[in-house]
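This briefing accompanies a single structural model and is meant to be read with the sequence and coordinates at hand. Please look first at the model itself, and then turn to the points below.

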Amino acid sequence: MKKTIILFSLLITFLSAHADDITAVKGLVHRLFPGYEQVFTFRKTTSKVDVFSLRSKDGKIIVSGNNANSMAVGLNHYMKYYCHVDVGWLKSDTYRLPATPPGIPKPVTIKARVKNRFFLNYCTYGYTMPWWKWGEWEHFIDWMALNGINLPLAITGQESIWYKVWSELGLNDTTIRNYFTGPAHLPWHRMINIDRWFSPLPMSWLNGQLKLQKRITARERELNMHPVLPAFSGHVPAELASIFPKAKITKLAPWDGYSEKYACSFLDPMDPLFTKIQKRFIDIEDSIYGTDHIYGIDLFNEVTPPSYEPDYLARVARQVYASLAQADPQAIWLQMTWLFYYRQKNWTKDRIKAYLTNYPKDRSLLLDYYCERQEMWKSTDKFFGVPFIWCYLGNFGGNSMLTGDLETINSRIENTFAKCKGNLAGIGSTLEGFDCNPYIYEYVFEKAWTFPTHRNIHAWVNALADQRVGKEDATARQAWQLLVDSIYDRSTVTQQRQPFFNERPVFLSNKKMQEIPEVNREDKVLLTVIEKLLQVDSDQPSYGFDLANLTRQLLTNHFLSVFYDYQKAYDKKDLPAMKLLSKKLTAIINDLDKVVGTQPTFLTGKWIKDARAWGKDPMEKLYFEKNARNIITTWSDKNMGLNDYACRTWAGMVRTFYGKRWRMFFNAVEAAVKARQPFGKAHYSSYKDRVCTYEKYWWEGCEGNFKAQPTGDSKTIVKEIVAKYKHDIATQ
């Protein structure tokens, strides 16, 4: 009788697990593909590895898989390669489904090549996600499932937990909320870089983020993801020293130009208080958000550790892991390896080995963070056998340049598979912000599976062209092949990070002047690609996005070329030519603003509206708006090195923030020439002071009533612009 009950219980558990996975993927279909619910039949398999199969039967598409995540990948494969539909990562990335779902001529089975598919970067939570609410998160989590991501960084809502911990340890409300930064800057607070910038953090934010993180982690687990939660890294409020005077708390050096006021404090992991805080944080976090036992801890990201001695680094790593294991015996410590790249001269091989190999390897997981630039596994004996995930970064600050070297991504990943069979634990991406290159990241995650096209880039690009226009089209394929062969043939390694247009105006350096011929060649290619795409008849929103996105780069490139002529006219002190060229440059700015205004992705007004939506009263709304404006302009204060790091070629900003800076520059230079004076140090200093004052004026919310909805048809506007600039670009 007992055996019967046990078997019956196991059967119920088995069926329940199957039903939960199938229910989860059906929910995804309902959210993303309404009207297609009756098209699919989902079946769960018992495979021990991630796998999916597709076939047609009796007018239905049968999607089989070992869990909801695998079935979601199968669903995405069907949508991309049979329906020609590319689902974007943003809620505003809409798409149109075919009226009649196509069948599958031949059954397909695809297996995962790696267990772990990691996504996100601490910085993404500042450059893209700070103002997201559940609608944006729900869509994005579905996108992650479609692309097989099962190890997402999940760091929302951690300040709500820290508030409870610091309160229990005796700090008051004012001290705690002043310790935090503003929402958009929290990633760098979490990485032990800055405290107090844009403080105090409102209590309404803490409460809202706690509720949001509950929903995020629940949905991610529903789709078979394992959220990577934060844990204690040693970062403490400086005021904690007054409560625990014997604690080994060190003030770290200020980060990246910030003053001492914003420097962080670090509690030595060997101090008994460290283990106490670690356990309390994880206990509270797990009680509210649950756990998958994978925790992100990064001790020395872009900061100098108290000592580089191997013995010290070994003790620190060993003790941090011990504190983690004491709080959660199943804990796995995940960490970036960016610090080894960022300060290579300091992080020598012996120091890295001491830091990584003094706790159990099976309790460690590393992110090889910037593999298109430098694969750290190659210089560390494959991380000395510690499991690692190969990651593509591809974006800094949410920049808006066309980048993504598919050939390099392909060859490097395949080489890593061949050389690191023992400890390659996954494939991932660590992008800093979302903007204009979503397809490159989709390619990276296809490399984690045995898709038939992932090694044949020509075939993959043809399929991408079909997806972007919603059908097989020879002209679109020609355009995309040309684009990939001549523009998407470089990475962030070989290209400037941002358009020259977005930089604080100055005359060109010799390096920039040498880049003009390359930009001219690129413009001619972009012009050809855009003209080909204009010949395509498509109603897919992704098609409109691509036209606007490519034209955005065409115009910023052309701006640089025309500015080169302006600088030559200045060198000759030819004031009439300078005035004519400054009018031409202003016209480019106006046209650029018009183009980007057609896309919801490229709207300053939407960014500000989303930020203000978190405020519970007018004062909080203004607080969030200022924080949102600050990070995409000066980032911090007016004269620090991070100025324009997170620049955005967005409608509203183009016309006001960037346009005004350029008009101020033209006026200052032309006034100097009119006075028969060189635009020397004194003139430049006066102009720069005015620009810095304006920049702060802008991010304090004193200018701009920006549209939060797109206006105009991108195809119509792009046609007008191509006609307007075609001759100049073709002959430049």
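The notes that follow take up strand pairing, the nonpolar core, salt bridges and aromatic contacts in turn.

The model is a predicted one. Its largest nonpolar core has 266 residues, and a search of the whole structure finds 40 salt bridges, while the count of aromatic pairs comes to 94.

**Strand 5 and its neighbours**

- Strand 5, which spans residues 116-119, is covered on both faces, with N116 and F118 buried on one side and R117 and F119 buried on the other.
- In general, the side chains of a regular strand alternate between the two faces of the sheet.
- Strand 5 pairs in the parallel sense with strand 15 (residues 424-429) over four bridges, and in this pairing F118 stands opposite G428.
- Strand 5 also pairs in the parallel sense with strand 6 (residues 151-152), here over two bridges, and F119 stands opposite P152 of strand 6.

**The largest nonpolar core**

- Within the core of 266 residues, those with the most contacts are F40, F119, F140, W166, I277 and W635.
- Helix 20 (residues 541-571) gives the most to this core, contributing 14 residues.
- Leaving aside residues up to four places away in sequence, W635 touches Y127, H185, W188, I194, W197, W255, Y258, N630, L642, Y645 and A646.

**Salt bridges involving helix 24**

- K579 forms a salt bridge with E670, with 3.8 Å between the closest N and O atoms; because K579 lies in helix 21 (residues 575-596) and E670 in helix 24 (residues 654-674), the pair ties together parts that are 91 residues apart in sequence.
- The two partners of this bridge are K579, which counts as partly exposed at 40% relative accessibility, and E670, which is buried with a relative accessible area of 9%.
- D593 forms a salt bridge with R655, the closest N and O atoms being 3.6 Å apart, and this pair links D593 in helix 21 with R655 in helix 24, 62 residues apart.
- D593 is buried, with a relative accessible area of 12%, whereas R655 is partly exposed, with a relative accessible area of 39%.
- D644 and R661 meet through their side chains in a salt bridge of 3.2 Å, N to O, which links D644, in the loop between helix 23 (618-631) and helix 24, to R661 in helix 24, 17 residues apart; both D644 and R661 are buried.

**A salt-bridge network**

- R31, E138, D142, R219 and E222 are linked in a network of salt bridges.

**Aromatic pairs and charges over rings**

- Among the 94 aromatic pairs is that of Y36 and F40, whose ring centres are 6.5 Å apart and whose planes meet at 40°, so the pair is tilted; both Y36 and F40 are buried.
- The rings of Y566 and F666 have their centres 5.1 Å apart and their planes at 55°, and this pair is therefore also tilted; since Y566 lies in helix 20 and F666 in helix 24, the pair ties together parts that are 100 residues apart in sequence.
- Y566 is buried, with a relative accessible area of 0%, and F666 is buried as well, with a relative accessible area of 3%.
- The charged end of K573 sits over the ring of Y570, 4.1 Å from its centre, and R629 lies over the face of W698, at 4.6 Å from the ring centre.

Conventions:
Residues are numbered from 1 along each chain as its sequence is written. This is a predicted model: local features need pLDDT of at least 70, side-chain atom pairs count only at pLDDT 80 or more; totals for chains, interfaces and linings use all residues. Side-chain values use heavy atoms; hydrogens and water are left out. Buried means under 20% relative accessible area, exposed over 50%, partly exposed in between (1.4 Å probe, protein chains only). Two strands pair if DSSP finds at least two bridges between them. A nonpolar core is a set of buried Ala, Val, Leu, Ile, Met, Phe, Trp, Tyr and Cys residues joined through side-chain atoms within 4.5 Å. Contact means heavy atoms within 4.5 Å. A salt bridge is a side-chain nitrogen of Lys or Arg within 4 Å of a carboxyl oxygen of Asp or Glu. Rings of Phe, Tyr and Trp (its six-membered ring) pair if their centres lie within 6.5 Å; planes under 30 degrees apart count as stacked, over 60 as edge-to-face and the rest as tilted. A charge sits over a ring if NZ of Lys or CZ of Arg is within 6 Å of the ring centre and within 35 degrees of the ring normal.
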